[in-house]
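Here is a short briefing on one protein chain. Use it alongside the sequence and the coordinates.

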Amino acid sequence: NMCSSKIRASLKRLRLHVLLGRNYSSLPGLIGNDIKSLHSIINPPIAKIRNIGIMAHIDAGKTTTTERILYYSGYTRSLGDVDDGDTVTDFMTQERERGITIQSAAVTFDWKGYRINLIDTPGHVDFTLEVERCLRVLDGAVAVFDASAGVEAQTLTVWRQADKHKIPRICFLNKMDKIGASFNYAVESIREKLKAKPLLLQLPIGEGKTFKGVVDVVSKEKLLWNPNSDDGKDFERKPLLEMSDPELLKEITEARNALIEQVADLDDEFADLVLGEFSENFDLLPAEKLQTAVHRVTLAQTAVPVLCGSALKNKGVQPLLDAITMYLPSPEERNYEFLQWYKGDLCALAFKVLHDKQRGPLVFMRIYSGMIKPQLAIHNINGNCTERISRLLLPFADQHVEIPSLTAGNIALTVGLKHTATGDTIVSSKSSALAACRRAEREGEKKHRQNSEAERLLLAGVEIPEPVFFCTIEPPSMAKQPDLDHALKCLQREDPSLKVKLDPDSGQTILCGMGELHIEIIHDRIKREYGLETYLGPLQVAYRETILNSVRATDTLDRTLGDRRHLVTVELEAKSLETSSLLPVIEYAASVAEDLSQASREAIENGLHSACLQGPLLGFPIQDVAITLHSLVIHPGTSTTMISACVSRCLQKALKKADKQILEPLMNLEVTVTRDYLSPVLADLAQRRGNIQEIQTRQDNKVIIGFVPLAEIMGYSTVLRTLTSGSATFALELSNYQAMNPQDQSTLLSQRSGLS
């Protein structure tokens, strides 16, 4: 008794009584009257942790699925709905108004003794980066599909991202109750378009309006949901019998045998078991053996388990939760190479920053090894600074619970870190980082691998895509400029794909983003969260420039400052590159390279890079150029700044003489449209300089796939809605930069110079 009263007291200290105010069917970690030890509530054993993400195309039902998962695990009292705007994970005003997910939200809950950290990610292409940085810290993912559409454009993008991070995943075919839903079509599209091997662990009972439950292929049981139940909590699980469902039983037995053969092909251990003991009769094979084999195959990413259901109609979510705990890996099953260097010391990755009005910046962290406690001093390798964590929180659904410590494998929310940004690696101290570095080096010497010290220790951060849209942003008055700068600084820490720069000519602040929606939402957030009415200039496209021929130029800079004479003479050649390269490729003639000091070399490269930031035609960055330095004469005592200035001026001179070419961003476009509206959409794309690659059939719809210049696609969503009475959808993604034809280029130049 003494012990349990202590636990109760510490539970109160934990502020878990905040949670008791809500009617939870079970308190986090408390099942029935069995009060677990405080330690197991906060730090479950690592084998029982699952860090998973939910990813999919726009409107496949990610947020609704998350909402149902939270409800069935007993952490929310009512079923939230995207259409009503009362879901837990979409908490920003813009998300609730638009019914879309913008930021990924992390929630923690328990299910049958497992701790699940779940992250709901956005589907819009404008927020691809948000998905990327979440996948970085996950151990597994659930890919949600709309059963009537199968694999869509954005599904492909997120699937490729998951491939890049080698993340095991399971598929959930949602919206089985929708008219036109087809289980076989969706499975076929996974096989063909994603080049994945689907393992059918469930088959639906009925499709579209007749959908009423699923059959578990592994255990040969049928799961039927009570049609009168409002929330889908009560469903019955019945074994399939020869007497009641002979046809269904026959179909399921065939599906199970096919599944066993499929898994045996992919997993040798399971194949030996099947061929040894159960070769005569597959029916005798226990479900547990098949489940562990499916777990191994999922982990090896040779196949993906497929489940189905309807989140909105509350069917099939509980079996999905069971599948998450059964088939997706725990943190210890994922192999991270860098962990061996830390030997149990703290190593964590900050993957997201949120700004809270009361608490300041909240940093989400994934702990890979070691332990985090409040008041702990930590060292940020990327920023090379030491900070202190003031409080540690766990995001239980929409409540933040304060906790005393957190161990490896968990996802935590920390308060008090002022300088940490997305993608930073956190360690316990500088000496711990150096010790890990030395271990890595010793290991590297054994294996004869050369690698720079810091790179080995930094967890790969997040690759930030180049922004394609930009526009000017102005405060209502000059007095508000500092407030605007502060707001933009905070937003940039939260969202690294937003870039802010100053226009050197006009002194205006320029916002660069991933798309129209992205910039519109940033504008909206500045107004709502920081109370600033800002003015946006017209949206502009980020062009690039290049040269077509090779040109030479020489330049001399002769200045006397005080009693020092600075004299530099330079001769260089610029020519176009065949391959695509954002930065200039710099080469030195043999005579120049011999006696160049490191400082002069850096000064030259700085000068050349700065000259390439503004091209001679429209002031856009120059790409795909190679620069060769033929001769360089430097008077003794000349400062490096003068060398930079001279080289930069000389390159600008050369670029002005060359034949110049504008490159424009080309987008991959996918439009899904009904047959009736196909021809007007095609005619409209032809006017927009579109290049159609192919037209596919997706059930009753046509899918147009092609390329179209970004400049022509501004405001396309409203035009497309008008043309198709709102029935078509489209997805855009940056493909590459391509040269404009001379006619379009001269039109653009005359528009920009104000002649047209």
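**Helix H10**

Helix H10 spans residues 268-276, and its buried residues are Phe270, Ala271, Leu273 and Val274. Viewed down the axis of H10, these buried residues fall within an arc of 165 degrees, so they line one face of the helix. The model is predicted.

- Asp268, Glu269, Asp272, Leu275 and Gly276 are exposed on the other side of H10.
- The buried residues of H10 pack against two helices: H9 (246-266) and H11 (287-299).
- An α-helix has 3.6 residues a turn, so residues three or four places apart point the same way.

**The chain overall**

- The protein chain holds 23 helices and 35 strands.
- Of its 756 residues, 53% are buried.
- Take the contacts between residues at least 6 apart in sequence: 73% of them join residues at least 24 apart.

**Helix H8**

- Helix H8 covers residues 183-193, with Phe183, Ala186, Val187, Ser189 and Ile190 buried.
- These buried residues cover an arc of only 160 degrees around the axis, which puts them on the same side of H8.
- Asn184 and Glu192 are exposed on the other side of H8.
- What do the buried residues of H8 pack against? Their partners are strands S4 (140-146), S5 (169-174), S6 (198-200), S7 (202-205) and S11 (304-308).

**The loop after H8**

- Leu194 sits in the loop between H8 and S6.
- Is Leu194 buried or exposed? Its relative accessibility is 8%, under the 20% cut-off, so Leu194 counts as buried.
- Beyond its neighbours within four places in sequence, Leu194 is in contact with Phe145, Val151, Leu156, Trp159 and Ser189.
- Ser189 is also one of the buried residues of H8.
- The C-alpha atoms of Leu194 and Thr155 are separated by 8.9 Å, with their positions 39 residues apart along the chain counted as the spacing.
- Lys195 follows H8 and has a positive phi, near 55 degrees.
- Lys195 lies in the loop between H8 and S6.
- At 69% relative accessibility, over the 50% cut-off, Lys195 counts as exposed.

**A second positive phi**

- Most residues other than glycine have a negative phi, and most peptide bonds are trans.
- Asp624 is not a glycine, yet its phi is positive, about 60 degrees.
- Where is Asp624 found? It is in the loop between helix H19 (598-611) and strand S31 (625-634).
- Asp624 has 13% relative accessibility and therefore counts as buried.

**The sheet S7-S8-S9-S10**

- Four strands form an open sheet in the order S7-S8-S9-S10, with antiparallel pairing.
- Why do S7 and S10 (235-239) each have one side without a neighbour in the sheet? Both stand at the edges, each with a single partner strand, so one side of each is left free of a neighbour there.
- Neighbouring strands of this sheet are turned by 25 degrees against each other on average, direction ignored.
- S7 and S8 (residues 213-216) run antiparallel and are joined by four bridges.
- Leu203 has Val215 in S8 as its bridge partner.
- S7 is also among the strands that the buried residues of H8 pack against.

**Strands around S34**

- Strand S32 (residues 660-674) runs antiparallel to strand S34 (residues 701-709), and nine bridges join them.
- Leu669 stands opposite Gly706 in S34.
- Strand S33 (residues 691-698) also pairs with S34 in the antiparallel sense, over seven bridges.
- Asn691 stands opposite Phe707 in S34.
- In a regular strand the side chains alternate between the two faces of the sheet.

**Helix pair H16 and H17**

- Helix H16 (residues 481-494) packs with helix H17 (residues 516-530) at an angle of about 115 degrees.
- Their axes are 11 Å apart.
- The crossing of H16 and H17 is right-handed.
- H16 contributes Leu484, Ala487, Leu488, Cys490, Leu491 and Glu494. These meet Ile522, Arg525, Ile526 and Tyr530 in H17.
- The residues of this contact divide into eight nonpolar, no polar and two charged.

Conventions. Residues numbered from 1 in each chain as written. Predicted model: local features only at pLDDT ≥ 70, side-chain atom pairs only at ≥ 80, totals over all residues. Heavy atoms only, no water. Axes fitted to C-alpha atoms, helices over the stretch in contact; angles between N-to-C directions. Left-handed = near helix turned anticlockwise from the far one by under 90°. Contact = heavy atoms within 4.5 Å. Nonpolar A, V, L, I, M, F, W, Y, C, P; charged D, E, K, R; others polar. Pairing = 2+ DSSP bridges. Buried < 20%, exposed > 50% of the residue type's maximum accessible area, 1.4 Å probe, protein only. Arc of directions from axis to C-beta.
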